[in-house]
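The exercises below are meant to be worked through with the sequence and the structure side by side. Try each task before reading the solution that follows it.

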Amino acid sequence: MQRLGDTADFEAAGRTLVRVGDREVAVFAVDGAWYAYENRCPHAGGPVCQGRVMPRVEMDIDGEGHVGELRFSQEDFHLVCPWHGWEFDLRSGASVTDPGRRRLRRFQVEEREDGLYVSG
């Protein structure tokens with residue numbers, strides 16, 4: 001495992017880009033949990049981790065299929081690639097539109113007394 005730095009620095013930033021070997025990786029702090037992904041979109045190789053993090057859009061659909069109120073989720077967040085708008089679940093790395101086949105490359109993050117560590 002590679003030590004990245006002090007945990008508090010990563011918590012304050014919310015998202016931090018680091019080098020892990022020859023790869024650029026983003027470490028995300030979300031609701032007390034850690035997520036790390038390679039900064040490479042599986043669609044076209046774009047810098048996915050530099051995209052917008054936003055709540056998932058939810059909608060009410062009635063029994064006849066009519067769309068009602070739209071709202072933002074308070075629990076689920078998406079990472080949106082800045083190149084083509086592909087969305088990925090921030091907690092799992094899975095593509096929102098094709099979760100079985102497309103996902104971000106995930107890195108293990110471990111919080112220790114002396115800082116934050118990551119491994120691929």
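## Exercises on the fold

Among contacts in the protein between residues at least 6 apart in sequence, 46% join residues at least 24 apart. The model is a predicted one, and every exercise below refers to it.

**Exercise 1.** Describe the overall make-up of the protein, from its secondary structure to its extent and surface.

*Solution.* Begin with the elements, which come to one helix and nine strands. Following them from the N terminus, one reads the order β-α-β-β-β-β-β-β-β-β. Next take the extent: the C-alpha trace spans about 55 × 30 × 20 Å along its principal axes. Then turn to the surface, where the accessible area comes to about 7,200 Å², with 44% of it belonging to carbon and sulfur atoms. Of the 120 residues, 35% count as buried. Finally, count the charges: there are 15 positive and 21 negative side chains, and the centres of these two sets lie 9 Å apart.

**Exercise 2.** Work out which strands β8 is joined to, and in which sense.

*Solution.* Start from strand β8, residues 106-112, which runs antiparallel to strand β4, residues 33-38, and is joined to it by two bridges. One residue pair to look for here is Ala 36 with its bridge partner in β8, Phe 107. Then move to strand β9, residues 115-119, which pairs with β8 in the antiparallel sense over five bridges. In this pairing Val 109 stands opposite Val 118 of β9. As a last step, look at the connection, where two residues lie between β8 and β9 and the two strands form a hairpin.

**Exercise 3.** Find the largest nonpolar core and say which elements give two or more residues to it.

*Solution.* The largest nonpolar core has 13 residues, and those with the most contacts inside it include Phe 28, Tyr 37, Leu 79 and Leu 90. Two or more residues come from each of β3, residues 23-30, and β4, and the largest share, three residues, comes from β3. To see the surroundings of one member, take Leu 90, which, when residues up to four places away in sequence are not counted, touches Phe 28, Val 30, Tyr 35, Tyr 37, Val 53, Phe 77, His 78 and Leu 79. Apart from this core lies another, of 12 residues, among them Leu 4, Val 20, Val 27 and Ala 36. As a general background, nonpolar side chains tend to be buried together in soluble globular proteins.

**Exercise 4.** Decide whether Thr 7, Tyr 35 and Asp 31 are buried or exposed.

*Solution.* Thr 7 is found in helix α1, residues 7-13, and because its relative accessible area is 11%, under the 20% cut-off, Thr 7 is buried. Beyond its neighbours within four places in sequence, Thr 7 is in contact with Trp 34, Glu 111, Arg 112, Gly 115 and Leu 116. Tyr 35, in strand β4, has a relative accessibility of 9% and therefore counts as buried as well. With neighbours within four places again left aside, the contacts of Tyr 35 include Ala 26, Val 27, Phe 28, Arg 106 and Val 109. Asp 31 is placed in the loop between β3 and β4, and since its relative accessibility is 62%, over the 50% limit, Asp 31 counts as exposed.

**Exercise 5.** What is the phi of Asp 31, and what sign does it have?

*Solution.* The phi of Asp 31 is near 50 degrees, which is a positive value in a residue other than glycine. For background, most residues other than glycine have a negative phi.

Definitions and conventions. Residues numbered from 1 in each chain as written. Predicted model: local features only at pLDDT ≥ 70, side-chain atom pairs only at ≥ 80, totals over all residues. Heavy atoms only, no water. Pairing = 2+ DSSP bridges. Helix = DSSP H or I, 4+ residues; strand = E, 2+ residues; numbered from the N terminus. Core = buried A, V, L, I, M, F, W, Y, C linked by side-chain atoms within 4.5 Å. Buried < 20%, exposed > 50% of the residue type's maximum accessible area, 1.4 Å probe, protein only. Contact = heavy atoms within 4.5 Å. Areas by Shrake-Rupley, 256 points an atom, 1.4 Å probe, with all protein chains shown as cover. Lys, Arg positive; Asp, Glu negative; His and termini not counted. Charge placed at Lys NZ, Arg CZ, Asp CG, Glu CD.
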